[in-house]
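Got the viewer open? Let's walk through it one selection at a time, starting inside one chain and ending where two chains meet.

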Amino acid sequence: MNVAVAKTGKGRAVSDLFASAEGRLPGSPAVIAVRREAFETYERLGLPHRRIEEWKYTDLRALVGEVLPLAANPDAAALKRAAEAVKAHAIAGARKLVLVDGVFSADLSDVKALGSEVGFKTLRETLEMDAGLLKTASTDAVIALNAAMATDGVVLSIADGAQLSAPVQIIHVATAASASAFTRSQLRIGKGARATIIESFVAADAKAYQVHDAVLVSIGDNADVALVRLMDDAPDAANITSQFVTVGANTKVNFFNMTSGAAVSRLQGLITLAGEGSELSINGVNLLQKTEHGDTTLVVDHAVPNCISREVFRAVIDDRAHSVFQGRIIVRPDAQKTDGKMMTRALLLSDEAEADNKPELEIFADDVSCGHGATAGALDENLLFYLKARGLPEKQAQALLIQAFVGEAIEQIADDNLREHVIGIAARWLERRQ
Amino acid sequence: MALLEVKGLKVRVEEREILHGLTLTVNEGEIHAIMGPNGSGKSTLSHVIAGKPGYEVTDGEILFRGEDLLDMSPDMRAAKGVFLAFQYPVEIPGVSTMNFLRTALNAQRKARGESEYSTPDFLKKVREVSKSLNIPQDMLKRGVNVGFSGGEKKRNEVLQMALFEPSLCILDEMDSGLDIDALRIAADGVNALHSPKRAMVVITHYQRLLNYIVPDVVHVMSKGRVVKSGGKELALELEASGYTQFEDAA
């Protein structure tokens, strides 16, 4: 890689962006110093491109070109539009926490309804004290950029033993066109706690915007947690999200990630199983059409013995869309009796649809059961004909089979309202195909 | 006007001609049996009538109530009243039988310009029909044909026939994979659906099915043509003497 590439005109644009945003970025002078350092890291690296191994299928320089300027603080008109979007995308019964163009909106949120077992702050508030949440071990350029630019986020702390009766839904709403929102959130889930936390990404009439998000999650021992991410951004938006998750002992974690929007998206996650006897399940669904590019890149790190991880990725790819799944399972030398499996299933709806799949196993222990598998194919012609012979027009027959394919993942969502909500998003994606 | 008229039908599959100018006329209310040895083109005929892809019609026509069937998509043929009961009904995991039935019935009604069934009205109708066919409700909650026995799959086909109320039912080798009890149950279902307005075309290799579904007309197919037609006694004759005599005729 040559450094000169990072110093192109695009690099300058980011530099200007940071200088012009600096006055709006929350934090003490010490925090601003941390930001500046993160920004310098980003500027040195530039946007990731295909010659960086982790980004070989998702060349952000080619796909998004440049980072758009920081969105303005939402004004009254923007908040009004955001309120409409929140209404349309809120999950029945969930407690809402709303970020509009990267800024927390107390008016649109249900902070009081969270109850005494859920501690809540904004990122902005924590940065008045210290820069802790801006620091991560990663050297990835987009994470450095996020640390430099993050304007706000939610900082949740769920008490030990808390049994949350209602899910928490964090809704990211974009109202500003041709601008970026930078958010960073932290979710701390205590020992023995039970919770469902959803992150939704939606647009309120905004076009061609960018979302740069980072989420830091720590889950205590004996917990039972569902983490759901529903990325339904505008069709010409970009969404780059990084997740860092640490899981304690004897804990159950169910992830469900669905991508149903954005021209370019990348979800990259590092999930560390740090306590024995835990079970991790990840279900991913990519719904892509037109020229959309959707990348999920996950590392599951078995750092201790006796944990189970299961990853199943389904991609429905139409037109000239491109789905990427990179999954790495690391089994550390001490992590005996690890049981880690990943599976990718791609449904290709057009001859020009593309699925790239890169599974990697890095196993340093000798008594483990690990594996990966992949399937890719078109809809079954015999099933299609059966449905058509019963009166279903082509598109409707396809839709029913696609719903069945995706349904296997959706059925595993325990919360009824949430499951219905997700079915609705998938149905709207299918309608856009017509 | 005849319900179904097949005239001089020639069909190819991948360069090979399977049907060499087949002619067949079925009127409302009639039961026709099409018999013949393996490879005579019986199933090809049923597939071409239903619109299965992969067959090339090189000559001839198929008229349904005088309309050109070959011009219509398979779903349009279904909406017009053509129903093919499959020899091997497919399993569709993840699509519940109930959802499938409602989607299909409403798609047909929509195509005909009729109002779609509301969920309660549909449930009422499907309960009535399944009760009359002794189909347990829990079968309807399962994925389409998933884990069904051979007999259950055929009963599911009969259930669809009852629900969609087609005017032409083509039963493709309905007896294959069924023991005698399952065969009787399926045949009873078919007989219950026979009416002066509804015609049945029963495709079978063996005569035994015709003990349960009694045809008005029997056609013998060999090498892609109908080589002989007659009354129900023709089936018995075939049972006694086999198909060899007709293979020479073709």
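Begin with two pieces of chain A: the C-alpha centres of domain 1 of chain A and domain 3 of chain A sit 30 Å apart. Before you click further, note that this is a predicted model, where local features need pLDDT of at least 70, side-chain atom pairs count only at pLDDT 80 or more, and totals for chains, interfaces and linings use all residues. Residues are numbered from 1 along each chain as its sequence is written, while chains are lettered from A and ligands numbered from 1 in the order in which they are written.

To colour chain A, use domain 1 (11–44 + 70–272), domain 2 (276–378) and domain 3 (379–434); these bounds come from an automatic or database domain assignment.

Now zoom in on where domains 1 and 3 of chain A touch: 13 residues of domain 1 and 10 residues of domain 3 take part, with contact meaning C-beta atoms, placed from the backbone, within 7 Å. On the domain 1 side, select strands S7 (194–203), S9 (224–231) and S11 (252–259) of chain A, each giving at least two residues. S9(A) gives the most, 3 residues. (Helices are DSSP runs of H or I, at least four residues, and strands runs of E, at least two, numbered from the N terminus.)

Next stop, chain B. Here 20 residues of chain B are in contact with 16 residues of chain A. On the chain B side, pick helix H2 (74–80), strand S7 (92–96) and helix H3 (97–111) of chain B, each with at least two residues there. H3(B) has the largest share, 5 residues.

Methods:
Contact = placed C-beta atoms within 7 Å.
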